[in-house]
Amino acid sequence: MNCADNDLRWYVIKTKPREEGRCLEELSSSGIETFCPMTKEYRWRRRRYETVAFFPGYVFGRFIFPDDYYTVKWARGVNSMVRFGENAPPSLDDSIIGFLRGRTDEKGFIDSTPEFKPGDPVRFRTGPFKDLAGTILRANTAEGRVLVLMDLLYQAKVEVDSYQVQAI
């Protein structure tokens, strides 16, 4: 294939459920440049962090449309290309992928933990204080913990993991 680099464009590819990895592997082995930012998400039932796609069910592929369309369409793990009606799939501007790549660390992860500041009102998502409100006193982002001031019958300070609270 003798094409100029400026013919290559980024497209959004919808994957089959939880098959982002398979899709990336198949497309990469076919010579298609791919990108799928990942994040760590806390799973309540398993009580641990797991690696998940930042955009679950979607990956980005850089190729020439329509030349590589069928290579992408029939790759294992691919459901379809994102398009609107019967029109050709819209391409993404390179700056969007550049922005996302700029937000990822060296391992390809985007930090999605909420950033709390002292004074932020929060509500507990889980645990014995579920649905109770409080105010952030201190946020320790390095350890992923926050100190919350709760107004019950008296003022109590509670230090918890940041995933246990959400901003109000």
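Accessible areas are taken from the Shrake-Rupley method with a 1.4 Å probe, and for residues only the protein chains shown count as cover. The model is predicted, so that local features need pLDDT of at least 70 and side-chain atom pairs count only at pLDDT 80 or more, while totals for chains, interfaces and linings use all residues. Residues are numbered from 1 along each chain as its sequence is written, and side-chain values use heavy atoms, with hydrogens and water left out.

**View 1. The whole chain, its surface and its charges.** The accessible surface of the chain comes to about 11100 Å², and carbon and sulfur atoms hold 48% of that area. The chain has three helices and 11 strands, where helices (H or I, at least four residues) and strands (E, at least two) are DSSP runs numbered from the N terminus. The C-alpha trace spans about 70 × 30 × 30 Å along its principal axes, and the radius of gyration is 21 Å, against a value near 15 Å for a compact globule of 168 residues; this radius is taken over C-alpha atoms, and the globule rule is 2.2 Å times the number of residues to the power 0.38. There are 25 positive and 24 negative side chains, with the centres of the two sets 7 Å apart. Lys and Arg count as positive and Asp and Glu as negative, without His and the chain ends, and each charge is placed at NZ of Lys, CZ of Arg, CG of Asp or CD of Glu.

**View 2. The largest nonpolar core.** A nonpolar core is a set of buried Ala, Val, Leu, Ile, Met, Phe, Trp, Tyr and Cys residues joined through side-chain atoms within 4.5 Å, and buried means under 20% relative accessible area, exposed over 50%, and partly exposed in between (1.4 Å probe, protein chains only). The largest core has 15 residues, of which Ile 13, Cys 23, Leu 27, Val 59, Phe 63, Val 72 and Met 81 touch the most other members. At least two residues of this core come from each of β1 (9-15), α1 (20-29), β5 (58-63), α2 (69-73) and β6 (78-81), and α1 gives the largest share, three residues. Apart from this core lies another, of 10 residues, among them Phe 124, Val 146, Val 160 and Val 165.

**View 3. The surroundings of Leu 149.** Leu 149 is found in strand β9 (residues 145-151) and is buried, with a relative accessible area of 18%. Not counting residues up to four places away in sequence, Leu 149 is in contact (heavy atoms within 4.5 Å) with Gly 134, Thr 135, Leu 137, Gln 155, Ala 156 and Lys 157. Between Leu 149 and Gly 134, which are 15 residues apart in sequence, the C-alpha to C-alpha distance is 5.4 Å.

**View 4. Backbone geometry in three loops.** In the loop between β5 and α2, where Pro 66 is found, a cis peptide bond with omega of about 10 degrees joins Phe 65 and Pro 66. Arg 18, in the loop between β1 and α1, has a positive phi of about 55 degrees although it is not a glycine, and at a relative accessible area of 77% Arg 18 is exposed. Asp 131, which lies in the loop between β7 (121-124) and β8, is also a residue other than glycine with a positive phi, near 75 degrees.
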